[in-house]
Amino acid sequence: MEKIEHVNYIKAPISEVYKVLTTQEGLAAVWTEELVVRPELGFVNEFNFGDEDVTKMKVVELTENKKVLWECVDSDPEWIGTGISFDLKEKDGVTAIVLKHFDWRELTEFYQWCNYNWAMFLLSLKGYCEDGEGTPYQKRKF
């Protein structure tokens with residue numbers, strides 16, 4: 001099994017970063033503007049990336065200001081059954097976020113592409129939390 005893992009440091013309170021990761025408004029500003037999100041255990045969030053490319057993530061864990069965990073239940077076949085976690089810690093007004101996308105069955109070109117895009121997600125999250133402007137899918141240049 002393969003795993004993607006990134007860390008980034010955001011100069012914002014942990015509660016603000018957690019809110020962005022768990023709300024429709026927050027995730028629309030940093031990941032994709034076309035989505036349906038609820039911060040509820042068991043809810044299946046839907047993220048649309050155009051051309052009927054919908055990714056569905058079941059909310060498995062929500063530990064306020066600490067952890068968000070999703071299970072991919074529908075998407076590209078390489079994503080189905082994988083998990084995405086966001087672990088948060090704050091020190092001196094800076095929030096450390098560790099993003100993990102785990103249980104990949106193999107290292108493929110798509111895995112490598114997603115690795116790059118998760119780093120871009122964290123950059124977008126940092127921009128939104130620090131400067132009020134993220135870079136969701138619809139505003140990115142690929």
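This tour moves through a predicted model, from its strands to its aromatic rings, its core and its empty spaces.

**The strands E2, E3 and E4**

Begin by selecting strand E2, residues 34-36, together with strand E3, residues 44-48; the two run antiparallel and are joined by three bridges. Within this pairing, show valine 36 and then look across to glutamate 46, which is its bridge partner in E3. Keep E3 on display and add strand E4, residues 54-63, which runs antiparallel to E3 and is joined to it by five bridges. To find the register of E3 and E4, select valine 44 and lysine 58, the latter in E4, since these two residues stand opposite each other. Five residues lie between the strands of the E3 and E4 hairpin, and glycine 50 there is worth labelling, as its phi is positive, near 85°.

**The strands E5, E6 and E7**

Next, select E5 and E6, an antiparallel pair joined by five bridges. Lysine 67 and aspartate 87, the latter in E6, stand opposite each other and serve as a marker for this pairing. From E6, go on to E7, with which E6 pairs in the antiparallel sense over nine bridges. Here the residues to display are leucine 88 and, opposite to it, isoleucine 97 in E7. The hairpin that E6 and E7 form has two residues between the strands, and in its turn aspartate 92 takes a positive phi of about 55°.

**The aromatic pairs**

Now hide the backbone and show the aromatic side chains, among which the count comes to 15 aromatic pairs. One of them is made by tryptophan 31 and tryptophan 70, whose rings are stacked, with 5.9 Å centre to centre and 10° between the planes. Tryptophan 31 is in the loop between helix H2 (24-30) and E2, while tryptophan 70 is in strand E5 (residues 67-74), so this pair ties together parts that are 39 residues apart in sequence. Because the limit for a buried residue is under 20% relative accessible area, tryptophan 31 counts as buried at 11%, and tryptophan 70 counts as buried at 2%.

Then select phenylalanine 49 and tyrosine 137, whose ring centres are 5.4 Å apart and whose planes meet at 85°, so the pair is edge-to-face. This pair links distant parts of the chain, with phenylalanine 49 in the loop between E3 and E4 and tyrosine 137 in the segment after H3, 88 residues apart. Phenylalanine 49 is buried, with a relative accessible area of 12%, whereas tyrosine 137 is partly exposed at 32%. To see the wider setting, display the cluster that ring pairs build from Trp31, Phe47, Phe49, Trp70, Trp79, Phe86, Trp118, Phe121 and Tyr137.

**The nonpolar core**

Extend the selection to the largest nonpolar core, where Trp70, Phe86, Phe121 and Leu125 touch the most other members of a set of 36 residues. Colouring by element is useful here, since E1 (2-10), H1 (14-22), H2, E4, E5, E6 (83-91), E7 (94-104) and H3 each supply at least two residues of this core. The largest share, seven residues, comes from H3.

**The largest pocket**

Turn on the surface and look for the largest pocket, which holds about 440 Å³ of space. Its lining has 22 residues, and those closest to the centre of the pocket are Phe49, Trp79, Trp113, Asn117 and Tyr137. Which helix gives the largest share of this lining? Helix H3, residues 109-131, does so with seven residues. Colouring the lining by class shows 13 nonpolar, five polar and four charged residues.

**The cavity**

Rolling a probe the size of a water molecule over the atoms shows where empty space is left. A search of the whole structure finds one cavity of 30 Å³ or more, and the space in the largest cavity is about 30 Å³. To locate it, select Leu21, Thr22, Val37, Arg38, Pro39, Asn45, Val59, Leu62 and Trp70, which line this cavity. H1 and E4 are the elements that give two or more residues to the lining. By class, the cavity lining has six nonpolar, two polar and one charged residues.

Terms used:
Residues are numbered from 1 along each chain as its sequence is written. This is a predicted model: local features need pLDDT of at least 70, side-chain atom pairs count only at pLDDT 80 or more; totals for chains, interfaces and linings use all residues. Side-chain values use heavy atoms; hydrogens and water are left out. Two strands pair if DSSP finds at least two bridges between them. Helices (H or I, at least four residues) and strands (E, at least two) are DSSP runs, numbered from the N terminus. On a 1 Å grid over the protein atoms alone, a cavity is a set of points where a 1.4 Å probe fits but cannot get out, and a pocket is an open set with protein on both sides within 12 Å along at least five of seven lines; lining residues have an atom within 4 Å of a point. Grid points are joined across faces, edges and corners, and a volume is the space filled by probe spheres set on the points. Ala, Val, Leu, Ile, Met, Phe, Trp, Tyr, Cys and Pro count as nonpolar, Asp, Glu, Lys and Arg as charged, and the others, Gly among them, as polar. Rings of Phe, Tyr and Trp (its six-membered ring) pair if their centres lie within 6.5 Å; planes under 30 degrees apart count as stacked, over 60 as edge-to-face and the rest as tilted. Buried means under 20% relative accessible area, exposed over 50%, partly exposed in between (1.4 Å probe, protein chains only). A nonpolar core is a set of buried Ala, Val, Leu, Ile, Met, Phe, Trp, Tyr and Cys residues joined through side-chain atoms within 4.5 Å.
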